[in-house]
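Biologist: Could you walk me through some of the labels people attach to a model like this one? I would like to hear the reasoning behind each of them.

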Amino acid sequence: MAQEVRGVIAPGKDEPVRVETIVVPDPGPGEAVVQVQACGVCHTDLHYKQGGINDDFPFLLGHEAAGVVESVGEGVTDVAPGDFVILNWRAVCGNCRACLRGRPWYCFNTHNAKQKMTLGDGTELSPALGIGAFAEKTLVAAGQCTKVDPSVSAAVAGLLGCGVMAGIGAAINTGNVGRGDTVAVIGCGGVGDAAIAGSNLAGAAKIIAVDIDDRKLEKARSMGATHTVNSKDADPVEAIRELTGGFGADVVIEAVGRPETYQQAFYARDLAGTVVLVGVPTPEMKLELPLLDVFGRGGSLKSSWYGDCLPSRDFPMLIDLHLQGRLDLGSFVTETIQLDEVEKAFERMHHGDVLRSVVVL
């Protein structure tokens, strides 16, 4: 039978979010109902609230989550009731041209639950990134559930569901940061700091953090940055070159998503170096670069979507590293909050006062 639970919805563009009663149906074939234990407050949820993703209001917000599988539908074999899981928003299909070529992290046919969660009056909800986890329970495709070691805190584990995985993956999976590399990260929010942590984990010799906020730069040092640059006070391209023997960094990760900072990343890399765009631009943004510079500097210009991660491979590995004390995921959690505090958390995020607020249920 369908269940009624509490959840946070965005009723319309730029309207305050509110807690409503949500109807969660029983799982159908290939689906699972998950009892949510924790869910991070991500910028993407704010973009949904502001109408920056699409206008399919009302949205059931929240997607950076972990919890326990309550029930599964017909044909589900990878997870079972009682499993502790991290939710992911890219459930690979296994059958598309990317999956069949052995590159499932590029899956071109990811999927979500087919049934809809609703309000009490039957109004269908659009779950953020196909998850909708600012709720006591949520309905997802079973492939969106990744089993991990249940001894980890849900407030920590859930962060791999989006921002922290995006940053770590941008460094390790997309940027292929390796031992002895020099890395620059432009933008030191949650994703940028995760890219710093990932670069540190991969053995980078020098990690340069760039931001306009000294508070964020101080936090970046605690994540593994060896040098910091406040780009309000110094030209970041020149500063990065100076710190790398005049050459530029081997890998520059742009975690802002703006043409200006992308150009800085492009010119701050060494010849044959790599630029990784993990910051999310808006539709109207345009980029202009001299084509001769693109040709003459060589190297790679990449975008990193979800850190090019494969949840079944990456989530358990990163949780194990955390439990071994080699990756401090807990340092990303600034505060834990309740469902009715999400609107205030958006305000604190906007002002740069938090790295991550996490809703704990």
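Modeller: What follows is a set of questions about those labels, each answered from its value.

Modeller: One thing before we start: this is a predicted model.

Biologist: Thanks, that helps. Let's begin with the helix pairs. Why are helix 4 and helix 5 called oblique to each other?

Modeller: Helix 4, residues 163-174, and helix 5, residues 190-202, pack at an angle of about 45°. Roughly parallel needs an angle under 35 degrees, and roughly perpendicular runs from 65 to 115. An angle of about 45° fits neither range, so the two helices are oblique. Their axes are 7 Å apart, and helix 4 passes helix 5 in a right-handed crossing.

Biologist: Which residues of helix 4 and helix 5 meet?

Modeller: On the helix 4 side they include Gly163, Ala166, Gly167 and Ala171. Among their partners in helix 5 are Val191, Ala194, Gly198 and Leu201. By class, this contact of helix 4 with helix 5 has 10 nonpolar residues, four polar and no charged.

Biologist: And what makes helix 4 roughly perpendicular to helix 10?

Modeller: Here the axes cross at roughly 105° and come within 12 Å. The range for roughly perpendicular is 65 to 115 degrees, so the crossing of helix 4 and helix 10 earns that label. Met165, Ile168 and Asn173 of helix 4 make the contact with Arg313, Asp314, Phe315 and Leu318 of helix 10. Sorted by class, those residues are four nonpolar, one polar and two charged.

Biologist: Nice. Now the interior: which residues touch the most other members of the largest nonpolar core?

Modeller: They are Leu87, Phe134, Ile196 and Ile253, in a core of 86 residues. Helix 4 turns up again, as it gives the most to this core, with six residues. There is also a second, separate core of 14 residues, including Val210, Val229, Ile240 and Tyr262. As background, nonpolar side chains in soluble globular proteins tend to be buried together.

Biologist: How do you know that Thr261 is buried?

Modeller: Its relative accessible area is 13%. Buried means under 20%, so Thr261 qualifies. Thr261 lies in helix 8, residues 259-267. Setting aside neighbours within four places in sequence, Thr261 is in contact with Ile186, Glu254 and Val256.

Biologist: Then why is His111 counted as partly exposed?

Modeller: His111 has 33% relative accessibility. Buried is under 20% and exposed is over 50%, so 33% leaves His111 in between. His111 sits in the loop between helix 2 (97-100) and strand 7 (118-119). The C-alpha atoms of His111 and Cys93 are separated by 7.0 Å, with the two residues 18 apart along the chain. Beyond neighbours within four places in sequence, the contacts of His111 include Cys93, Ala141 and Gln144.

Biologist: Let's finish with the backbone. What makes Asp14 and Asp308 worth a look?

Modeller: Most residues other than glycine have a negative phi. Asp14, in the loop between strand 1 (3-10) and strand 2 (18-24), has a positive phi of about 65°. Asp308 has a positive phi of about 45° and lies in the loop between strand 16 (300-303) and helix 10 (311-323). At a relative accessible area of 9%, against the cut-off of under 20%, Asp308 is therefore buried.

Biologist: Which peptide bond is cis?

Modeller: The bond from Phe57 to Pro58 is, with omega near -5°. Pro58 belongs to the loop between helix 1 (43-49) and strand 4 (59-60).

Definitions and conventions. Residues are numbered from 1 along each chain as its sequence is written. This is a predicted model: local features need pLDDT of at least 70, side-chain atom pairs count only at pLDDT 80 or more; totals for chains, interfaces and linings use all residues. Side-chain values use heavy atoms; hydrogens and water are left out. Axes are lines fitted to C-alpha atoms, for helices over the stretch in contact, and angles run from 0 to 180 degrees between N-to-C directions. Helices (H or I, at least four residues) and strands (E, at least two) are DSSP runs, numbered from the N terminus. Angles under 35 degrees count as roughly parallel, over 145 as roughly antiparallel, 65 to 115 as roughly perpendicular and the rest as oblique. A crossing is left-handed if the near helix is turned anticlockwise from the far one by less than a right angle, and right-handed if clockwise. Contact means heavy atoms within 4.5 Å. Ala, Val, Leu, Ile, Met, Phe, Trp, Tyr, Cys and Pro count as nonpolar, Asp, Glu, Lys and Arg as charged, and the others, Gly among them, as polar. A nonpolar core is a set of buried Ala, Val, Leu, Ile, Met, Phe, Trp, Tyr and Cys residues joined through side-chain atoms within 4.5 Å. Buried means under 20% relative accessible area, exposed over 50%, partly exposed in between (1.4 Å probe, protein chains only).
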